[in-house]
Amino acid sequence: MTIHLEDPACRSVPPELFFPLGYGREFTRQIEEAKAVCRSCPVYRRCLDYVTANPDLAPEGIWAATTPKERRKMREGGTLQEPRPRLVVA
Ligand code: SF4
């Protein structure tokens, strides 16, 4: 299998991870798991720019390590307060 540098990290995980359902700890755990995938993504910055510029195209789910509520706050605040990507050491 060839992995290109620019492959989105979400390509290798089930898409439903980015659309958490339920409530409580399991819901929170799934959100954090999806965000962790985003933080390791080589196209994270472009994804963040895209979803903040096109809110109607990504109204639901986790995109660029943000929830819909976090993206809404970012837009309403007029500033891009992006979550800091975590350095992953293998
Ligand atoms: S940052 Fe965007 S492209 Fe990358 S894993 Fe997250 S949702 Fe996918």
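This passage describes the salt bridges found in the predicted model. Side chains of opposite charge can pair when their charged atoms come close. In this model the count of such salt bridges comes to five, and several of them are set out below together with the exposure of the residues that take part.

Toward the start of the numbering, Asp-7 and Arg-11 are joined through their side chains in a salt bridge, with a distance of 3.2 Å from N to O. The two partners differ in their surroundings, because Asp-7 has a relative accessibility of 17% and therefore counts as buried, whereas Arg-11, at 61%, counts as exposed.

Within helix H1, which covers residues 24-39, Glu-26 and Arg-29 lie three residues apart, so that about one helical turn separates them. These residues form a salt bridge in which the closest N and O atoms are 2.5 Å apart. Glu-26 counts as partly exposed at 42% relative accessibility, and Arg-29 likewise counts as partly exposed, at 39%.

A further salt bridge is formed between Glu-70 and Lys-35, whose closest N and O atoms are 2.9 Å apart. This pair links distant parts of the chain, since Glu-70 belongs to helix H3 (residues 68-77) and Lys-35 to helix H1, with their positions 35 residues apart in the numbering. Glu-70 is partly exposed, with a relative accessible area of 31%, while Lys-35 counts as buried because its relative accessibility is 7%, which falls under the 20% cut-off. In addition, Glu-26, Arg-29 and Glu-33 are joined into one network by salt bridges that share partners.

How values were computed
Residues are numbered from 1 along each chain as its sequence is written. This is a predicted model: local features need pLDDT of at least 70, side-chain atom pairs count only at pLDDT 80 or more; totals for chains, interfaces and linings use all residues. Side-chain values use heavy atoms; hydrogens and water are left out. A salt bridge is a side-chain nitrogen of Lys or Arg within 4 Å of a carboxyl oxygen of Asp or Glu. Buried means under 20% relative accessible area, exposed over 50%, partly exposed in between (1.4 Å probe, protein chains only). Helices (H or I, at least four residues) and strands (E, at least two) are DSSP runs, numbered from the N terminus.
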